[in-house]
Amino acid sequence: MRSDYKQSWTTVSKTKSQAFKSVAATDDEAEVERSGQATTQFLLENVGITSDDVVLEIGCGIGRAGKFVARHCKRWIGADVSPNMLKYAAENLRQFHNVEFVELTGYDLKPIATGSIDVVYCTVVFPHLMQWDRYAYVEEAFRVLRGGGKLYVDAVNLCSDAGWKVFEAHRAILPLERVPEIGECSTPQELVEYLRRAGFESIKSKPGDELVAVWGQKPKS
Ligand SMILES: C[S@@+](CC[C@H](N)C(=O)[O-])C[C@H]1O[C@@H](n2cnc3c(N)ncnc32)[C@H](O)[C@@H]1O
């Protein structure tokens with residue numbers, strides 16, 4: 001069942017190689033590092049992360065981006081629904097002393113205290129969630145952020161040629177053969193609407209080739 005995220009993602013991350021492939025479509029560590037650096041660079045340039053920030057990643061996987069984000073912030077918290085992913089993330093980030101790992105139910109951020117986070121980001125996770133669960137994380141991010149804190153989310157962009165290619169590739173899979181965690185596309189408007197409805201302001205959206213990135217700020221007071 002698609003919404004049983006814990007079951008699906010624990011199953012696809014039984015070995016390190018499987019976990020890396022589920023997250024990054026490759027278990028070539030150099031390639032995974034390159035893409036983690038690129039994601040981090042985007043966050044630094046567009047959203048902004050400072051050395052005083054406590055940063056939370058929702059759906060951190062093996063810590064592909066966390067391994068680089070952790071170098072730029074005071075504390076990095078990797079949260080994921082899959083205990084296997086968290087185990088491989090902890091291995092992958094073992095050289096850092098400013099990181100912690102939190103297991104989620106898949107539907108909320110209950111283990112994270114209200115107003116305790118400066119930046120929340122969630123990358124390459126929304127395609128795998130049902131729309132109500134995407135919005136639940138946006139609402140929960142609003143709760144855990146301090147006033148002035150920032151949220152970044154992204155999704156496969158239905159309105160780009162590369163995103164449409166993903167749509168067509170997944171449409172070609174017979175309905176009963178689609179795995180529960182298959183990626184679904186979003187429109188930029190969908191993500192902007194979630195942030196607006198949850199109360200974020202200064203919302204920005206940047207369509208890339210395949211992903212559309214949207215970020216915003218929780219009002220200061
Ligand atoms: C494609 S991977 C992306 C991992 C990481 N964000 C990255 O960019 O490398 C999707 C991740 O989201 C996690 N995930 C899936 N559903 C989730 C949910 N409902 N709550 C939290 N994490 C979830 C999976 O376990 C997996 O680690």
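1. A convenient place to enter this predicted model is a single pairing in its sheet: Glu-57 has Gly-78, a residue of strand 2, as its bridge partner. That pair belongs to a wider arrangement, since strand 1, covering residues 54–58, and strand 2 run parallel and are joined by five bridges.

2. Strand 2 also pairs with strand 3, again in the parallel sense and over five bridges. Within this second pairing, Ala-79 finds its bridge partner in Val-102 of strand 3. Strand 2 is mostly covered, with five of its six residues counted as buried.

3. Helix 5, which spans residues 83–92, should be read together with these strands. Its buried residues are Asn-84, Met-85, Leu-86, Tyr-88, Ala-89 and Asn-92. Those buried residues pack against strand 2 (75–80) and strand 3 (99–103), and also against helix 1 (5–11), helix 2 (16–24) and helix 4 (66–69).

4. Turning to the nonpolar interior, the largest nonpolar core holds 62 residues, among which Leu-56, Val-120 and Leu-151 touch the most other members. The element that gives the most to this core is strand 5, residues 145–156, with six residues. As a general point, nonpolar side chains in soluble globular proteins tend to be buried together.

5. Leu-151 deserves a closer look by the new reader. Apart from its neighbours within four places in sequence, Leu-151 is in contact with Val-120, Val-138, Ala-141 and Leu-145, and further with Leu-195, Phe-200, Trp-215 and Gly-216.

6. Which residues are closest to the ligand? They are Trp-9, Gly-59, Gly-61, Arg-64 and Gly-106, out of 21 residues that surround the ligand. By character, the residues of this shell divide into twelve nonpolar, six polar and three charged.

7. For the chain as a whole, the protein contains eight helices and seven strands. Its radius of gyration is 16 Å, close to the 17 Å that the globule rule gives for 221 residues, so the chain is as compact as a globular protein of that length. Along its principal axes, the C-alpha trace spans about 50 × 40 × 30 Å.

8. Two chain-wide proportions complete the note. Of the 221 residues, 43% count as buried. Among contacts with a separation of 6 or more, 64% are accounted for by residues 24 or more positions apart.

Methods:
Residues are numbered from 1 along each chain as its sequence is written. This is a predicted model: local features need pLDDT of at least 70, side-chain atom pairs count only at pLDDT 80 or more; totals for chains, interfaces and linings use all residues. Helices (H or I, at least four residues) and strands (E, at least two) are DSSP runs, numbered from the N terminus. The radius of gyration is taken over C-alpha atoms; the globule rule is 2.2 Å times the number of residues to the power 0.38. A residue is buried if 20 or more other C-beta atoms lie within 10 Å of its own, exposed if 12 or fewer, and partly exposed in between; C-beta atoms are placed from the backbone. Two residues are in contact if their C-beta atoms, placed from the backbone, lie within 7 Å. A residue is near a molecule or strand if its C-beta atom, placed from the backbone, lies within 6 Å of it. Ala, Val, Leu, Ile, Met, Phe, Trp, Tyr, Cys and Pro count as nonpolar, Asp, Glu, Lys and Arg as charged, and the others, Gly among them, as polar. A nonpolar core is a set of buried Ala, Val, Leu, Ile, Met, Phe, Trp, Tyr and Cys residues joined through C-beta atoms within 7 Å. Two strands pair if DSSP finds at least two bridges between them.
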